[in-house]
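This report describes a few strand pairings and helix contacts in one protein structure. The sequence and structure come first, and the description follows.

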Amino acid sequence: MNTFSFIAELAGSKLRGPDGVFSGRLLADSRLVRKGDAFVAFRGENTDGHTFIPDAIARGASLIICEEDRDIPSPVASVKVSDTYKALPAMAEKRLSRHGKKLHVIAITGSVGKTTTRDYLVRCLKTSMKVHSAEHSYNTLIGCSMTILALPEESEVLVLEMGTNHPGEIGKMVRFFPPTISVITEVAPAHLEGFGSVEGVLEAKMEIAGSSALQSFFFNGDNPLLVRAASRIPAGIAGFSAGTGECDYRILAPVFSIEKGIPELSFSLEIPGGDILAVQSGAFGKHAAYPMAFAIGISTRLGVPGEKAAAALKGTHSLEGRGLIRTLNSGACLIDDSYNANPASMSAVLRAAGEMETRRTYAVVGEMLELGERGDDFHRDLLPLLRSFDTVWLVGKTWERIAPFDGQAGPRLVLWSDSLQKLGDCLGKELGKGDAIVIKGSHGNRLDRLVDILCREGSS
């Protein structure tokens, strides 16, 4: 089924160049293309992806999907459409409807943890089933479309990630690609400039439960907003709780420790029927128990033996930019949580790092962006958590705006307005064996660059 000519048929177009079997990925970034991948060119407001077609071909792209006014050199295969943004979702919708096997479509959203949940879920499911999922955080309509167009014929499970910063985005994805299983990991203040309130975030996330094919809905049972919203869903619902909530799945006695730079998270998971599974991993912080519990719970619902699903997570670590722990040449432990931040994720990470038993504990804390008019208040709410650290470097205009802090965050609070390179140089002189430093902030602060600077000399 996954031939170039079939993809052309989905587009209502004709194949130009030689036919072949597509076995790679669909990508919109030519720098990521490897031999056998397909490159999709989008015409953006600032950048026209068509200009990168030669680069994609040079890197080994086997198929080009582009707009009709572009010439593709022979013998590279191409499919041309009038508008790639409009064509891809329609193509993916047709591809999904023509899948030959019974297919479980799992869609995951949430204010925190959706990418980590997706990664852990795929690990668990692959022990018993043929699973397809995006390699990257392809959580938009176009991202989901590219993931589906690369769906292998033998797939039994499709795992999608759905993100949003405006009402209606997830609803549109669900209409194109109706999930049979929907998951909301958490609802918390995030992208409030687009949603206005946490209730607005909830309403937008709950669009994922509007699928015409929905059979099961999994959610965070420790969130009262989600509990009330879930009670109105006619499909089978299943909550997860690390507290006292009366849920189908219960996270029991989570324990996190780190010794000699090696993290260990362990907990027990009670599943329907009363069985209790022992879970152990190298993930960072007690909060990482939630995505693991979702992964195991959903897998068992689809028939994966609980012990097998739990065993798949043993030895796993947090993802890069989402709690990955590295040991620097100085002997210090770096917790890389630089990918993004909102009040829920920031609180969880700072609390976990502040409780670590280390010689000295440091933090570099960026801003939490897109929080609207209450943004400053959300930053002030973090100040008590900063008392646990020996020194905290604060990066971003928001911190400068709400200073001074009146001693709320302890004696060593540094507002940093110079370059990240200079901050890296400063930290390189400060950090030593037995120390720990956590780096956390919204993507707009680009604290991932600081992580790269600190790791440049080599780390493990």
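In this predicted model, lysine 260 has a positive phi near 55 degrees, and this residue belongs to the hairpin of β12 and β13, where two residues lie between the strands. The two strands of that hairpin, β12 and β13 (residues 262-270), are antiparallel and share eight bridges. One pairing places phenylalanine 256 with leucine 265 of β13 as bridge partners.

Strand β12 (residues 249-259) also pairs with β11 (residues 236-241), but here the two strands run parallel and are joined by two bridges. Phenylalanine 240 has tyrosine 249 in β12 as its bridge partner.

A further group of strands forms an open sheet of six, in the order β15-β16-β20-β17-β18-β19, with mixed pairing. β15 (324-327) and β19 (413-416) are at the edges; each has a single partner strand, so one side of each has no neighbour in the sheet. On average, neighbouring strands of the sheet are turned by 20 degrees against each other, with direction ignored. At one edge, β15 runs antiparallel to β16 (residues 333-337), and four bridges join the pair. Within this pair, arginine 326 is opposite leucine 334 of β16.

Two helices pack on this sheet, as listed below.

| Helix | Strands touched | Direction angle |
|---|---|---|
| α15 (residues 420-430) | β17 (360-365), β18 (391-395), β19 and β20 (435-440) | about 175 degrees with β18 |
| α16 (residues 447-455) | β15, β16, β17, β18 and β20 | about 150 degrees with β20 |

Another contact is between two helices. The axes of α4 (residues 114-125) and α10 (residues 289-301) come within 8 Å of each other and cross at roughly 40 degrees. The angle therefore makes α4 oblique to α10. The crossing of α4 past α10 is right-handed.

Which residues of α4 and α10 meet? From α4 they are Thr116, Thr117, Tyr120, Leu121, Cys124 and Leu125, and from α10 they are Pro291, Met292, Phe294, Ala295, Ile296, Ile298 and Ser299. By class, the residues of this contact comprise 10 nonpolar and three polar, with no charged ones.

Technical notes:
Residues numbered from 1 in each chain as written. Predicted model: local features only at pLDDT ≥ 70, side-chain atom pairs only at ≥ 80, totals over all residues. Heavy atoms only, no water. Pairing = 2+ DSSP bridges. Axes fitted to C-alpha atoms, helices over the stretch in contact; angles between N-to-C directions. Contact = heavy atoms within 4.5 Å. Parallel < 35°, antiparallel > 145°, perpendicular 65-115°, else oblique. Left-handed = near helix turned anticlockwise from the far one by under 90°. Nonpolar A, V, L, I, M, F, W, Y, C, P; charged D, E, K, R; others polar.
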